[in-house]
Amino acid sequence: MVRMILFFAFVAAISVATFAGLLGGQFASRFAKEPQQQAVEGEGVVLIGGPFTLTDQRGNTVTEADLRGHWSILYFGYTYCPDVCPVALQNVTLALEKLGSRANRVVPYFISIDPWRDTQEVMAEYAAYFHPSLLALTGTPAQVAKAAASFRVYYSPTSRPETNDYTVDHTSILYLMAPDGSYVTHFSHATTVEEIATRLAEVL
Ligand code: NI
């Protein structure tokens with residue numbers, strides 16, 4: 001069931017991204033000054049990336065401007081996730097370890113879509129299980145919503161967050177972004193360590 005939900009979330013995310021891309025394209029042609037992050041994928045234009053302001057596990061503010069100057073792998077999830085989030089983050093960790101010193105040119109980001117429970121302290125504790133360069137970002141519910149929207153990420157708590165006992169359905173995609181901040185490609189949590197490492201090695 002979880003896999004089905006993830007699959008549909010993935011399909012929905014791609015559909016939304018494509019639709020948003022088409023819309024974005026129309027707006028872009030009308031309002032040429034609108035900043036755009038564009039990448040051609042298939043026949044559509046996918047707009048992934050945009051403004052956000054979050055806080056990392058050390059209390060530093062991180063915005064979209066901080067994605068520039070290095071390759072970035074972004075994954076949206078939450079620390080209480082029982083299945084796919086740890087797998088995705090572990091795969092990124094192992095892929096970066098395979099790359100040796102070249103991994104210095106990549107910064108992995110874990111962005112919480114559970115701002116109600118994922119405090120800075122919780123994120124710090126969780127990030128320690130993965131790659132040492134992992135930046136674990138969280139923020140207010142509004143900040144997280146904005147970041148998720150910028151990356152076309154869907155998320156939805158299964159019950160009211162006030163209950164403190166819930167899971168969060170969410171898009172499970174690893175985004176690879178170039179040093180200029182533009183979208184390059186994406187992986188799923190099911191993409192193998194080998195595949196991620198190979199793709200990274202091609203671009204680094
Ligand atoms: Ni998850």
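This section describes the overall architecture, the nickel site, the nonpolar core and selected residues of a predicted protein model.

The protein contains five helices and eleven strands. Of its 204 residues, 48% are buried. Contacts that join remote parts of the chain are prominent in the count: among contacts with a separation of 6 or more, 70% are accounted for by residues 24 or more positions apart. The surface exposed by the protein amounts to about 10200 Å², of which carbon and sulfur atoms supply 57%.

Confidence in the prediction varies along the chain. The average pLDDT is 84, and a score of at least 70 is reached by 77% of the residues. Residues 1-5 have a pLDDT below 50, and this stretch makes two contacts in the model beyond near neighbours in sequence. A further segment, residues 14-43, also stays under 50 in pLDDT. For residues 14-43 the model nevertheless has 36 contacts beyond four places in sequence. Where pLDDT is low, the predicted coordinates should not be read in detail.

The nickel ion is bound by three protein donors, namely SG of Cys-81, SG of Cys-85 and NE2 of His-170, at distances of 2.0 to 2.2 Å. Along the chain these donors follow the spacing C-x3-C-x84-H. The pairing of Cys-81 with His-170 connects distant parts of the chain, the two residues being 89 residues apart. Cys-81 lies in the loop between β5 (71-77) and α2 (84-98), whereas His-170 belongs to strand β9 (residues 168-170). Cys-81 and His-170 are both buried.

Strand β9 also holds Val-168. With a relative accessible area of 4%, Val-168 falls under the 20% limit and is therefore buried. Apart from residues up to four places away in sequence, Val-168 touches Tyr-78, Ile-113, Asp-114, Arg-117, Tyr-155, Ser-156 and Pro-157. The C-alpha atoms of Val-168 and Thr-158 are 5.7 Å apart in space, with their positions ten residues apart in sequence counted as the separation.

The loop between β8 (155-157) and β9 includes Pro-161. Beyond its neighbours within four places in sequence, Pro-161 is in contact with Trp-116 and Tyr-166. A C-alpha separation of 9.5 Å relates Pro-161 to Pro-115, which lies 46 residues away along the chain. Asn-164 is found in the loop between β8 and β9 as well. Although not a glycine, Asn-164 has a positive phi of about 65°. Its relative accessibility of 53% is over the 50% limit, so Asn-164 counts as exposed.

A positive phi, of about 55°, also occurs at Arg-152, again a residue that is not a glycine. Arg-152 is placed in the loop between α4 (141-150) and β8. At 23% relative accessibility, Arg-152 counts as partly exposed.

The largest nonpolar core comprises 56 residues, among which Tyr-109, Phe-151 and Tyr-175 touch the most other members. Helix α2 contributes the largest share of this core, with seven residues. The contacts of Tyr-109, not counting residues up to four places away in sequence, include Val-62, Leu-67, Ile-73, Leu-74, Tyr-75, Leu-134, Leu-135 and Leu-137. Asp-66, His-70 and Ser-72 are likewise touched by Tyr-109.

Tyr-175 also provides a point of reference for Ser-188: the two are 13 residues apart in sequence, and their C-alpha atoms are 8.8 Å apart. Ser-188 is located in strand β11 and counts as partly exposed at 22% relative accessibility. When neighbours within four places in sequence are set aside, Ser-188 is in contact with Ser-172 and Leu-174. The side chain of Ser-188 reaches the backbone nitrogen of Ala-190 at 2.9 Å.

The backbone nitrogen of Ser-188 is in turn reached by the side chain of Thr-191, at 2.9 Å. Thr-191 occupies the loop between β11 (183-188) and α5 (193-203). Its relative accessibility is 12%, which means that Thr-191 counts as buried. Outside its neighbours within four places in sequence, Thr-191 is in contact with Asn-91 and Ile-196.

Methods. Residues are numbered from 1 along each chain as its sequence is written. This is a predicted model: local features need pLDDT of at least 70, side-chain atom pairs count only at pLDDT 80 or more; totals for chains, interfaces and linings use all residues. Side-chain values use heavy atoms; hydrogens and water are left out. Donors are N, O and S atoms within 2.8 Å of the metal (3.2 Å for Na, K and Ca); water is not among the atoms, so sites may look incomplete. Helices (H or I, at least four residues) and strands (E, at least two) are DSSP runs, numbered from the N terminus. Buried means under 20% relative accessible area, exposed over 50%, partly exposed in between (1.4 Å probe, protein chains only). A nonpolar core is a set of buried Ala, Val, Leu, Ile, Met, Phe, Trp, Tyr and Cys residues joined through side-chain atoms within 4.5 Å. Contact means heavy atoms within 4.5 Å. pLDDT is the predictor's confidence in each residue, from 0 to 100. A polar contact is a pair of N or O atoms within 3.5 Å; within protein, one must be able to donate a hydrogen and the other to accept it, and residues adjacent in sequence count only if both atoms are side-chain atoms. Accessible areas come from the Shrake-Rupley method with a 1.4 Å probe; for residues, only the protein chains shown count as cover.
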